[in-house]
Amino acid sequence: MSSSVVIDRKRSKVRQPREVSAKSRETLTGWSFAAPFTVLFVLFLVGPAIYGLYLSFTGRSLTGANGELIGLANYAEALKDPDMWKSLGNTAWFTVLSTIPLVIVPLALALLVNLGLPGQWLWRLSFFMPYLLASTVVVLFWAWMYNPKLGMINGVLTQFGFEPVAWLQDPKVAMLSVVLTTVWWTIGFNFLLYLAALQNIPDQQFEAAALDGAGKWRQLFSIVIPQLAPTTALIVMLQLLASLKVFDQIYLLTNGGPAGTTRPIVQYIYETGFTGYRFGYSSAISYLFFAIIVVVSLLQFRLTFRKGDR
Amino acid sequence: MATHTLTRAPRTLTRRTHKPGENPWALGRIVAFAVLAVMAALWLVPFAWAILTSLKSETDAGASELQLSPPDGFSLDAYRKVLAAGNIPAWALNSLLTSVAITLVTVATAALAGYAFSRINFAGRRWLYAAIIGAIIIPPQVLIVPLFYEMLAFGLVDTYWGIILPQAFAPAMVLILKRFFDQIPIELEEAARVDGASRVRVFASIVLPLSRPILAAVAIFVFIGAWNNFLWPFIVTTDADLMTLPVGLATVKSAYGLQYAQNMATSILAALPLVLVFLFFQRQIIKGIATTGFGGQ
């Protein structure tokens, strides 16, 4: 008996450091697995984010001149800057105009394709192919389509006796042209998400509904659309975030014109930073914009959770 | 109209046939087919118009009336001129090099990190993971100014590394891979661990082979995103020899001025690689989007 006690004691003495070392070995292993990602993450995301926050409190320019801390002056200036508000308004307007069709049109297309009509590969290819193009290619295509004199859209319009439209030069139409191009370009991704979700709805639900005498339209609104709610929530969230960040196609298609009517906030950040050389001011606007993105994300999250979708 | 939502849904996004005993050409289906055909045609028009223009002479391309068959006939002249004069092959090579590097680094680092978060119980795991998830909503666009400043300090402006490194990690992909690893039965690994296999060994010879489909999907997304990215390569390169295809193309538009056929030939050539990639990997891409719900852009 006494010997067993001794052994136990010995064991516990030996085990104790072993457990600690096993735990710290796990920590070492864990960190070495996570290290390559973490290093890049810290260097190129956390680092710039903190540095940008610091810059936003300085008057830094390209030459490094006037780099001293100036407190909240940049933020105060930004809040009074009509160009900042205008580009923010353009971004909001673009987001509203693009998000609605980019949720509804792909849903309609996915419902149609999901009927199982012949030519599946052609439908998928047609709607998805534009998504594979670089923004510059998209813009080369569409600038050519929108060309007021030689473009195909005005060509068709004039054949039918309509007046030609200055798609990218008319301040009233330019934003709509940008939205049209964006819908054409990016619809494929949302389309595929909807198509995948549709095909995951269990058949039994339709069979049960059919037995209860529900017609096709009734099934669409009482089964399909509600079942797609989590997908719709995901698509709305991803689309809002993507639309708020719009830059490429607008910069290349209209360069923000005519008269700044299409210039989004990201372009304004780019311009104040890289053509105005006001790095500090540009960073302050970045952070104001980032705050808006956070608010939108949180609101979207709240709404989604309240519905109990996800 | 929603007739065929009733048929059995296959898990993969493959063709679905009509139910036996049901008329496949009911009026509703014909209307649906017509609507779909019109929509698909609308989506294909810009491609068709670009291809048509690229096959014309510059004189015909600049003609102001719509002409489907040009007076000068069709030719490949525009393509020849673009390939002979432009930097397109060099830009394509830059795009390929940087996109492949970005893809390899992103997939490797995200897989390792995802595995650590999924399986290894290390100190600091929670807050590191929370930081990464939080970072998903940061738009990279708001970081361009400090990032450029950082690149200046590191001496990476106008270098391949300057293009690659800031794009070579993706918090969202870590999340996707972690979730996938979570679903792999832990017993598979425990058996090997009991036999004395190291973590690295288990990861390389058990987890990775099981994860091939998701790794392929992640790789394809990252590649598409990197190949098409415009803003960052545009900011970090000024040297025309280092430009990627999207950045180079943006300069071509102004350089060629009114040469519409050459402009369109250029964009067709630039679009071709990814369209080919899609045709080859169609199933993986579609499945990947379906299962992960994340893409490039």
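User: Before we look at loops, what counts as a helix here?

Analyst: Happy to start there! In this predicted model, the helices are DSSP runs, numbered from the N terminus. To count, a run of H or I needs at least four residues.

User: Thanks! In which loop of chain B is Asp158(B) found?

Analyst: Look at the two helices on either side of it. One is α6 (144-154) and the other is α7 (160-164). Asp158(B) also has a positive phi near 60°, though the residue is not a glycine. Its place is the loop between α6 and α7 of chain B.

User: How does Asp158(B) count: buried, partly exposed or exposed?

Analyst: Buried means under 20% relative accessible area, and exposed means over 50%. Asp158(B) has 22% relative accessibility, so it counts as partly exposed.

User: Which peptide bond is cis, and where is its proline?

Analyst: The bond runs from Gly257(A) to Pro258(A), with omega near -10°. Asn255(A), with a positive phi of about 55°, is found in the loop between α11 and α12 of chain A. Pro258(A) has its place in the loop between α11 (248-253) and α12 (265-274) of chain A.

User: Which helix gives the largest share of the largest nonpolar core?

Analyst: That core has 185 residues, and Leu133(A) and Trp184(A) are among those with the most contacts inside it. The largest share, 15 residues, comes from chain A, from helix α7 (residues 174-199).

User: Which residues of chain B does Leu133(A) contact?

Analyst: Setting aside neighbours within four places in sequence, Leu133(A) is in contact with residues of chain A, including Val138(A) and Trp185(A). From chain B, its contacts are Phe47(B), Asn228(B) and Ala271(B).

Technical notes. Residues numbered from 1 in each chain as written. Chains lettered and ligands numbered in written order. Predicted model: local features only at pLDDT ≥ 70, side-chain atom pairs only at ≥ 80, totals over all residues. Heavy atoms only, no water. Buried < 20%, exposed > 50% of the residue type's maximum accessible area, 1.4 Å probe, protein only. Core = buried A, V, L, I, M, F, W, Y, C linked by side-chain atoms within 4.5 Å. Contact = heavy atoms within 4.5 Å.
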